[in-house]
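This is a walk through one protein chain, meant for someone who has not looked at the structure before. It begins with a sheet, moves on to the whole chain and its interior, and ends with charged pairs and cysteines.

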Amino acid sequence: MNRRTLGEIATFSSGLQRPECVRFGSDGTLYASDGRGGVSMIDEAGCSHLFKAGLTAELTEPLLPNGIHPERDGSFLIAHLGQFEGGIFRLLRDGELQPYLRSVDGMDLPPTNYVTRDANGRMWATVSTKLRPRSLDYRKSADTGFIVMDDGRGPRVVADGLRYTNECAVSPDGRWLYVNETFAKRTIRMPILGNGGLGPSEIVIELQSGEFPDGLAFDATGNLWIVCIFANSVVKVSPEGVRTTIISEPDEAYVADLESAYESDELTATHMASSGASPLKNISSIAFRPDNKIAFLGSLQGDRLLTFDWT
């Protein structure tokens, strides 16, 4: 597969706000998290409709949807990435926002990064850091991330001490949980045990300078795709472990400054709030249309989705 140029990456939909996470529902409908406080549904023509959450006494701050998971009943699970609050919420299409998971193992959930379900219906959620604000852990030494799993027997922490946990995905064969550790600049995987717990981790890929992994997903042929913010790159890892860079559109000066700040433990929220001059606006997530060979990208600073042919 050849590297995609900017001319081969098209705009799809617009008028969104911080579409950090893109996901397909079980019926093939495309959804994106939306910084206006909900989830946008996007039709095949790129027209969007926002399901906006109403106010809730459960939160003292506005809902900031990060990871989302479309449920089969039409509702959405949302990971709330607040300034100081977190948790998983269920958003109904009429705007009702219901608490789904606010605490685990006696601990209130910090700002929560991601939520998904696997083919067996188990819920997986990631928390990047226990530190607040989160910028305190934009460090190589970050090690307070954790993963929550609920298989119907109650939610519990199944992995801890991770290095800024981001998106996760169960492998197509159901044997492994793959996880991005953003500030370790690597993707790891852990075996899923019979009791639903996780075994020891192993490194899948260590990424290059400026490549901080955020989103990940498997395509229909079993390749793992990793989306790196800041570098605005997409990396494909074959089942045999072969790396191919599919997209790479960084602002070189911005990435060099950011990498320098990272190496000296001076990375701040200000760095995170920019993508430099890259037109890709800090791509952060990837999803594959089930019935064809089109991939969609979400972003942290953009107001639209991007799309390209991944074959």
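In this predicted model, a good place to begin is an open sheet of four strands, arranged in the order β2-β3-β4-β5 with antiparallel pairing. Its edges are β2 and β5, the latter covering residues 48–52, and each of these edge strands pairs on one side only. From one strand to the next, the twist averages 30°. Strands of a sheet are held to one another by backbone hydrogen bonds, in a parallel or an antiparallel manner. Between β2 and β3 (residues 30–34), which run antiparallel, there are three bridges. One pairing to look for is F24, whose bridge partner in β3 is L30.

That sheet is one part of a chain whose secondary structure amounts to two helices and 26 strands. The C-alpha trace spans about 45 × 45 × 40 Å along the principal axes of the chain. A compact globule of 311 residues would have a radius of gyration near 19 Å, and the chain, at 18 Å, agrees with this. Of the 311 residues, 59% are buried.

Part of the interior can be described through its nonpolar cores. The largest of these has 28 residues, and L91, W124, I147, L177 and L198 have the most contacts inside it. Two or more residues of this core come from each of β7 (76–80), β8 (88–91), β14 (145–150), β15 (156–162), β16 (165–170), β17 (176–181) and β18 (186–191). The element that gives the most is β15, with three residues. Another core lies apart from this one; it has 16 residues, including A217, I247, F288 and L297.

Further along the chain is strand β22, residues 233–237. Is this strand enclosed or open to the outside? Five of its five residues are buried, so the rest of the structure largely encloses β22. The cover extends to both faces: S233, V235 and V237 are buried on one side, and V234 and K236 are buried on the other.

Strand β22 also has a paired neighbour before it and another after it in the chain. Strand β21 (residues 224–230) runs antiparallel to β22 and is joined to it by five bridges. Within this pair, C228 has S233 of β22 as its bridge partner. The two strands make a hairpin with two residues between them, and N232 in the turn has a positive phi of about 50°. Five bridges likewise join β22 to β23 (residues 243–248), again antiparallel. Here V235 has T245 of β23 as its bridge partner. β22 and β23 form a hairpin with five residues between them, and its turn includes G241, with a positive phi of about 90°.

Charged side chains add another set of contacts, and the structure holds 17 salt bridges. One of them joins E167 and R23, at 2.6 Å from N to O. This pair links distant parts of the chain, with E167 in strand β16 and R23 in strand β2 (residues 22–24), 144 residues apart. The contact thus leads back to the sheet described at the start, where β2 is an edge strand. Both E167 and R23 are buried.

R122 and D118 form another salt bridge, with their closest N and O atoms 2.7 Å apart, and both of these residues are buried as well. In the salt bridge of D303 with R304, the closest N and O atoms are 2.8 Å apart. Here D303 is partly exposed, with a relative accessible area of 33%, and R304 also counts as partly exposed, at 33%. In addition, E58, E85 and R102 are linked in a network of salt bridges.

The cysteines remain. How many disulfides does a search of the whole structure find? It finds zero. C228, the residue that pairs with S233, shows why for one case: its sulfur is 16 Å from the closest cysteine sulfur, in C21, which is too far for a bond. C228 counts as buried, at 0% relative accessibility. C47, on the other hand, is partly exposed, with a relative accessible area of 47%.

Key:
Residues numbered from 1 in each chain as written. Predicted model: local features only at pLDDT ≥ 70, side-chain atom pairs only at ≥ 80, totals over all residues. Heavy atoms only, no water. Buried < 20%, exposed > 50% of the residue type's maximum accessible area, 1.4 Å probe, protein only. Pairing = 2+ DSSP bridges. Core = buried A, V, L, I, M, F, W, Y, C linked by side-chain atoms within 4.5 Å. Disulfide = S-S within 2.5 Å. Salt bridge = Lys/Arg side-chain N within 4 Å of Asp/Glu carboxyl O. Axes fitted to C-alpha atoms, helices over the stretch in contact; angles between N-to-C directions. Rg over C-alpha atoms; globule rule 2.2 N^0.38 Å.
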